[in-house]
Amino acid sequence: MTVVEDTRRWSFAADAEPRVHVVHENPEWFPPFEAALRAAGVPFQEVLLTDGSLDLDAEPAPGVYWSRLSASAHTRGNARTKEYTRAVVAWLEGWGRRVVGGSRVVELEVSKVAQHALLRRNGFDVPRTLAVFGRDDLSTRARELEAPFITKHNQGGKGLGVRRFDTHDEFDAYVASPDFEEPADGITLLQEYLRSAQPFITRAEFVGGRFVYAVRVDTSAGSFELCPADACEVPTSGQTLEACVVDSPQGLFSLREEITADTPLVKRYEDLLRGAGIEIAGIEFLETADGRTVTYDVNTNTNYNPAVEAVAPRSGPGEIAAYLGALLRTETSHRP
């Protein structure tokens, strides 16, 4: 039986039916996962992490907890959800509950600096990147990069703060102007601009640490950082990133059938995820005009494009439902 609590609040009944507890803050992203969980017959409860309270001495309800924290939560009026999630995950892990997207993953989701460090430490080619704290050093440090270059926010998602600057003077004017976009955590990333061999980037999807499929994302309109649910154009000459649409134009997202579980890069990504304890993720990379394969994003709050899902050999949400269901069965079998 599938269970959804109308209140979307915490359950403290230690003798309740074990279920998958989905902790998130954006109901608009949940329907594909809800449908998959229902189709798989996995009992679940949504918990909207926008307010509420916890009794830290109360044992959490039994089951598996899936954190869907998004680094872009603050753009939906949920600026404190990141701190709420840290507190909730600490409580859950302190009680020994099985958490998918636990404390290590939370810290990766809210920090592109942490993602960059993880990728670099594991031998992946990453973009030349400077992390600037505050505003004062931005213009000075930007001159360490050749123009054009891009900026992005350390707490990203949805292409937050992604702008291209063709000259350092343009960037100086932007930093000094009222249009300067302050990052949520005050950390702006300055990054080399990568010229792709062909106008697309690739996002490889993983569930349970295993490859599901790879998505080709068309960037011919000037796009750079795109998620499957929202296509956001990155304009040139320092203009702001504004045009975001759900259910993207025809052909923007397509399946890269030549990338499989046997592709060497995919195997390296699986090793990376396994070592980092990341169970669900989308990893984005770019094949450059000068022959590099550059990995630039590890998204632990992945979403899936409907057009790709319609033709993919396996469904992303379906794989997640099956994975969470298997974890739930294991947890249930271990209950006294």
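What share of the contacts in the protein chain with a separation of 6 or more is accounted for by residues 24 or more positions apart? In this predicted model, such residues account for 71% of those contacts. The protein chain contains nine helices and 15 strands, and buried residues make up 54% of its 336 residues. Its accessible surface comes to about 14,900 Å², with 49% of that area belonging to carbon and sulfur atoms.

The largest nonpolar core comprises 32 residues, among which Leu37, Trp66, Ile320 and Leu324 touch the most other members. At least two residues of this core are supplied by each of the strands E1 (19–24), E3 (63–67), E9 (200–207), E10 (210–218), E14 (280–287) and E15 (293–299), and likewise by each of the helices H1 (31–39) and H9 (316–333). Helix H9 provides the largest share, which amounts to five residues. Because residues of this core are given both by domain 1 (19–109 + 322–334) and by domain 2 (111–125 + 196–313), the core lies between the two domains. When residues up to four places away in sequence are not counted, Leu324 touches Val20, Leu37, Val64, Trp66 and Val100. A second core, separate from the one just described, has 22 residues, including Leu108, Phe124, Ile259 and Leu272.

Another part of the chain is built around strand E8, which spans residues 187–192 and is mostly covered, with six of its six residues buried. In a regular strand, side chains alternate between the two faces of the sheet. In E8 both faces are covered, since Ile187, Leu189 and Gln191 on one side are buried, as are Thr188, Leu190 and Glu192 on the other. Strand E5 (residues 129–133) is joined to E8 by five bridges, and these two strands run antiparallel. Strand E6 (residues 149–153) is also joined to E8 by five bridges, again in an antiparallel arrangement. Leu190 in E8 marks a position in both pairings, as Leu130 stands opposite Leu190 and Thr151 likewise stands opposite Leu190.

A further feature is found in the loop between helix H5 (138–142) and strand E6, where Pro148 is located. Most peptide bonds are trans, whereas the bond from Ala147 to Pro148 is cis, with omega near 0°.

Technical notes: Residues are numbered from 1 along each chain as its sequence is written. This is a predicted model: local features need pLDDT of at least 70, side-chain atom pairs count only at pLDDT 80 or more; totals for chains, interfaces and linings use all residues. Side-chain values use heavy atoms; hydrogens and water are left out. Buried means under 20% relative accessible area, exposed over 50%, partly exposed in between (1.4 Å probe, protein chains only). Helices (H or I, at least four residues) and strands (E, at least two) are DSSP runs, numbered from the N terminus. Two strands pair if DSSP finds at least two bridges between them. Contact means heavy atoms within 4.5 Å. Accessible areas come from the Shrake-Rupley method with a 1.4 Å probe; for residues, only the protein chains shown count as cover. A nonpolar core is a set of buried Ala, Val, Leu, Ile, Met, Phe, Trp, Tyr and Cys residues joined through side-chain atoms within 4.5 Å. Domain bounds come from an automatic or database domain assignment.
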